[in-house]
Structure formats: C-alpha cells, structure tokens
Amino acid sequence: MIIRDVLVTPVAFRDPPLLNVAGVHQPYALRTIVQLVCADGVVGLGETYGDDTLLARLERIAPTLVGLSVFDVNAIRGKVETVVTGAPGGQDPDRLTGAPSTARAVLQAYSPFEVACLDAQGKALGVPVSDLLGGAVRESVPFAAYLFYKWAGHPDFEPDETYGEALDPAGVVAQARTMVDTYGFASLKLKGGVFPPEQEIAAIRALREAFPDLPLRLDPNAAWTVATSVKVAEELDGVLEYLEDPTPTIPGMAEVAREATMPLATNMCVVAFDHLPEGVARKAIGVLLCDHHYWGGLRMCQTLATICQTFGIGLSMHSNTHLGISLAAMVHLAAATPYLSYACDTHYPWTLDDVVRPGALRIVDGGVPVPAGPGLGVELDPDALARLHEQYLRCGIRRRDDGGYLRTFRPEFQPPRGTW
Ligand code: GKR
Ligand code: MG
C-alpha cells in the first residue's frame with residue numbers, strides 16, 4: 001500500500017445564494033479532491049476546502065508523500081508539518097470557522113490525506129472506514145435540516161426551482177417544510193446573523209409553531225453583542241436545543257453562557273486543541289461542533305470527542321458546503337463516535353453537483369445510512385471530476401468571498417458584527 005502518485009484537483013460546483021453574516025454564497029463553491037494512488041491500484045479519496053492558499057499548500061505536500069505507506073499516517077502527518085511552516089490562514093477569509101493559526105493550518109492540510117489513507121486502508125482490507133475507527137455504533141447518522149435565509153436565485157443565473165426565496169419567517173418555514181418532507185429531518189438549524197435579532201427570533205418562533213416537536217438551533221455566527229445575546233437567549237428560553245456562536249470570543253461566550261438557560265455551541269471560538277483549556281476553564285460552551293476538515297481528520301475528532309466527554313461538553317458536527325467524499329467521511333466518523341449524539345450539520349441538500357457516483361449516499365428519515373462498501377464506500381466519477389474541474393478553471397473564483405460577492409449588489413454592505 002505504497003503511495004505511487006498523489007492527485008490534487010480543485011473543483012467548482014453550483015451553490016445557491018445562501019445568506020450569512022459575512023454576505024452571500026457565490027454562484028460556485030470550491031473544493032479540492034485528493035486521490036492517493038497506491039502501487040497496487042487502490043485509490044484513496046479525500047476532500048477539503050478549495051481556496052487557493054490551501055490548494056497551493058496541498059500541491060506542495062503531494063509529491064512529498066510518494067513512497068510512503070497509507071498505513072503510516074504518522075509519517076504522512078510529519079511530511080505535512082514539514083511543508084506547512086509558519087504560514088497560517090487560508091480556507092476561511094470570512095472567519096466563519098474561527099481565526100487561523102499555524103497549528104490549525106497543519107491539521108487542516110493533513111485532514112484530506114488522513115481521510116484518503118483511511119479510504120485506501122479500508123479498500124485494501126475490504127472493510128468500511130467506520131470499522132477502522134472502532135466500529136459503527138449506529139446504522140444511520142442523523143442530520144439536521146440546515147435552513148438559510150436565501151435569495152430566489154443568483155442574479156444573472158436561473159432561479160432555483162426547489163427552494164426559492166426565504167427572507168422572512170414564512171419563507172424559512174416553507175424551506176423547512178420542503179427539507180423535512182424531502183429528507184425527513186428531525187432537527188432544524190437556522191443560519192442567522194442576516195437580519196436584526198428580533199426578525200430571527202420571529203423566524204424561530206414560526207418554526208416552533210410549525211414544527212412543535214423538532215429541536216431547533218440558531219446560529220448567527222457571532223453577529224451579536226453580549227447584551228443582545230443574553231436578551232435573545234432569554235426570549236428563546238425553552239425553545240432552542242442550543243444557541244450557536246451568538247457572540248465572538250471565549251470570554252464573550254462565557255458571559256452569555258452564565259445567563260443563558262440553553263447550552264451555547266461553537267464552531268468559532270473553540271476551533272483548535274489549544275483553545276480547549278480556556279474554553280473549559282471559563283465554561284464558555286456547552287456543545288462543540290467538530291469538523292474533521294480543520295480538527296485534523298477523523299481520528300483527531302475522535303480524540304476531541306473523548307476530551308469533550310471528559311469535560312462534560314456535548315459534541316455535534318459542523319459543516320460547510322461540501323461534496324459526497326466529505327459527507328461519507330462525516331458519516332463514518334459520526335457512526336463510529338458513540339459520544340457524538342446530536343444530529344449533525346450538513347450542507348449536502350444544497351449541493352447541486354457531485355464528484356461521486358450517485359447511490360451510495362442518501363438522506364432518508366433524517367439520516368444518512370452508513371455506506372457499507374469498503375473504505376468510504378463512495379466511488380469517484382472521473383467524468384464528473386473532469387467536468388467540475390473545468391468549471392473551476394472557467395468560473396474564475398479562487399477563494400470564498402461571501403462579502404465581496406454581496407457588495408457587487410450592495411456596495412455599502414458591511415458584516416453587522418458588533419452592531420446588533
Ligand atoms: O455556509 O454560510 C455558510 C455557513 O455560515 C458556514 O460557512 C459556517 O461555517 O455553517 C457554518 C457554521 O455553522 O457556522
Ligand atoms: Mg456555526
């Protein structure tokens with residue numbers, strides 16, 4: 001299982017105009033697909049962000065992995081560390097998943113290679129990745145419907161027929177209804193930070209009325225001050241399962257947490273292992289959203305699960321826009337992590353194209369059945385990969401920039417952080 005070649009392919013795929021605190025999703029989202037081609041013909045698959053800084057880093061790492069075994073992930077991580085020297089930054093200029101650092105850059109660059117190694121190992125041994133991670137404790141992984149305020153379509157593009165516009169409580173409820181009817185989701189998360197807090201409270205109340213039994217979450221991506229966050233928490237007392245990143249920083253979250261009755265969740269203030277001591281000491285969070293793309297792969301997320309369990313912090317899962325390789329990795333991880341007991345986030349219902357052949361991944365009854373085939377259990381479609389790579393070359397987008405894109409329509413737009 002020696003690596004003979006490493007292929008790193010950027011792709012672009014259609015993404016609807018989903019709104020968030022930073023702006024609005026561009027017409028194309030970017031991802032990078034990693035293939036570890038082994039001497040005996042097995043190919044391991046990985047997927048991560050597609051922004052140019054990370055892409056350049058992955059391209060520099062790729063040749064250094066040739067000749068290593070896919071079972072020697074420590075050696076692979078060592079190579080990644082050597083290449084990624086003191087150059088933090090990259091995937092998230094909008095800071096929706098926290099501030100960058102060198103340690104985070106290493107874990108982020110290592111992640112797609114670790115997943116690809118596990119995929120290749122599983123294929124070689126004829127077992128699913130969840131077996132390599134200790135065995136699936138659930139046959140299907142529950143996910144939450146990820147609701148967004150949304151334009152009907154991108155200006156200059158065909159409108160999206162399925163979901164249309166969602167800019168008020170009725171629109172959000174209609175979107176939720178379609179998601180629940182289509183996929184059977186049993187938890188709902190609304191991406192907030194788009195409208196003044198009272199309007200987002202109204203949307204949550206409308207969801208509560210329309211779906212009296214479903215757990216609800218609200219995530220304004222740190223758009224609010226501490227005082228506003230406390231007020232929203234008071235108003236939504238008894239309504240939310242958790243409130244995600246109402247305000248920035250660990251001290252800010254700790255202040256809100258002292259007053260709020262529901263747990264506070266984060267994928268913004270505790271986003272690396274060295275944030276955990278302060279987060280725990282200040283009791284800033286009740287739930288952590290893990291994400292193997294920046295916590296350093298599937299096994300590091302299992303380590304994180306143990307730490308969370310030790311300190312009584314609940315564990316959920318974060319998602320950015322992604323394709324099927326990432327979904328498969330998320331599902332195997334969640335299936336093999338007993339402590340991860342919240343319905344996970346996924347953008348997958350918003351994903352309009354894919355690089356994997358259809359069939360292996362389905363959302364049924366609000367969950368994704370764990371793929372049973374060897375490795376990740378998904379198969380790369382070379383034609384789809386080539387098509388989405390062509391789309392990458394053509395579309396001209398080289399990094400995510402929700403704010404810049406929104407400013408092409410509303411030049412005065414500034415993220416509302418600190419003003420609400
Ligand atoms: O895709 O607009 C988005 C989300 O806002 C995403 O970028 C966030 O990272 O989903 C994420 C979150 O939970 O904060
Ligand atoms: Mg979040």
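# A tour from Arg417 to the metal site

Start at arginine 417, which is partly exposed at 31% relative accessibility. This is a predicted model. Arginine 417 sits in the segment after α14 (402–407). Now add serine 101 to the selection. The two C-alpha atoms are 22 Å apart, while these positions lie 316 residues apart along the chain.

**Stop 1: the hairpin of β4 and β5**

Select strand β4 (residues 28–38) together with β5. They pair in the antiparallel sense, and 7 bridges hold the pairing. To check the register, pick arginine 31: its bridge partner in β5 is tyrosine 49. Move to the turn. There are 4 residues between the strands, and glycine 41 has a positive phi near 95° in this hairpin. Now colour β5 (residues 43–49) by accessibility. Of its 7 residues, 6 are buried, so the strand is largely enclosed by the rest of the structure.

**Stop 2: two crossing helices**

Show helix α3 (residues 102–125) and helix α11 (residues 298–310). Their axes come within 8 Å and cross at roughly 105°. The two helices are therefore roughly perpendicular, since angles of 65 to 115 degrees count as such. Which residues of α3 and α11 meet here? From α3, select Leu107, Glu114, Val115, Leu118 and Gln121; from α11, select Leu298, Arg299 and Met300. The contact of α3 with α11 has 5 nonpolar residues, 1 polar and 2 charged.

**Stop 3: the parallel sheet**

Hide the helices and bring up strands β7 to β13. In what order do the 7 strands of the open sheet run? The order is β7-β8-β9-β10-β11-β12-β13, with parallel pairing. At the edges are β7 (145–148) and β13 (314–317), each paired on one side only. Look along the sheet for its twist, which averages 25° from one strand to the next.

Put the helices back, beginning with α5 (residues 169–183). Helix α5 packs on the sheet and touches β7 and β8 (188–191). The direction of α5 makes about 155° with that of β7. Next comes helix α6 (residues 197–210), lying across β7, β8 and β9 (216–219). Against β9, α6 runs at about 165°.

Now walk towards the β13 edge. Strand β12 (residues 287–290) runs parallel to β11, joined by 2 bridges. Select alanine 265 and you will find valine 287 of β12 opposite. On the other side, β12 and β13 are also parallel, with 4 bridges between them. Here leucine 288 stands opposite leucine 315 in β13.

Stay on β13 and show side chains. Which way do its residues point? Gly314 and Ser316 point one way, and Leu315 and Met317 the other way. Buried or exposed? All four of these residues are buried.

**Stop 4: two positive phi values**

Turn to two loops. Most residues other than glycine have a negative phi. Aspartate 156 has a positive phi, near 75°. Find this aspartate in the loop between β7 and α5. Aspartate 156 is exposed, at 77% relative accessibility.

The second case is lysine 283, with a positive phi near 55°. Look in the loop between α9 and β12. Lysine 283 is exposed as well, with a relative accessible area of 66%.

**Stop 5: the magnesium ion**

Finish at ligand 2, a magnesium ion. Which protein atoms are its donors? They are Asp219 (OD), Glu244 (OE) and Asn267 (OD1), lying 2.0 to 2.2 Å from the ion. Along the chain, the donors follow the spacing D-x24-E-x22-N.

Trace two of them back to the sheet. Glutamate 244 belongs to strand β10 (residues 242–244). Asparagine 267 lies in the loop between β11 (264–266) and α9 (276–281). The pair is 23 residues apart in sequence, so these two donors tie together separate parts of the chain.

One last check at this site: are glutamate 244 and asparagine 267 buried or exposed? Glutamate 244 is buried, with a relative accessible area of 0%. Asparagine 267 also counts as buried, at 1%.

Technical notes:
Residues numbered from 1 in each chain as written. Chains lettered and ligands numbered in written order. Predicted model: local features only at pLDDT ≥ 70, side-chain atom pairs only at ≥ 80, totals over all residues. Heavy atoms only, no water. Donors = N, O, S within 2.8 Å, 3.2 Å for Na, K, Ca; no water. Buried < 20%, exposed > 50% of the residue type's maximum accessible area, 1.4 Å probe, protein only. Axes fitted to C-alpha atoms, helices over the stretch in contact; angles between N-to-C directions. Parallel < 35°, antiparallel > 145°, perpendicular 65-115°, else oblique. Contact = heavy atoms within 4.5 Å. Nonpolar A, V, L, I, M, F, W, Y, C, P; charged D, E, K, R; others polar. Pairing = 2+ DSSP bridges.
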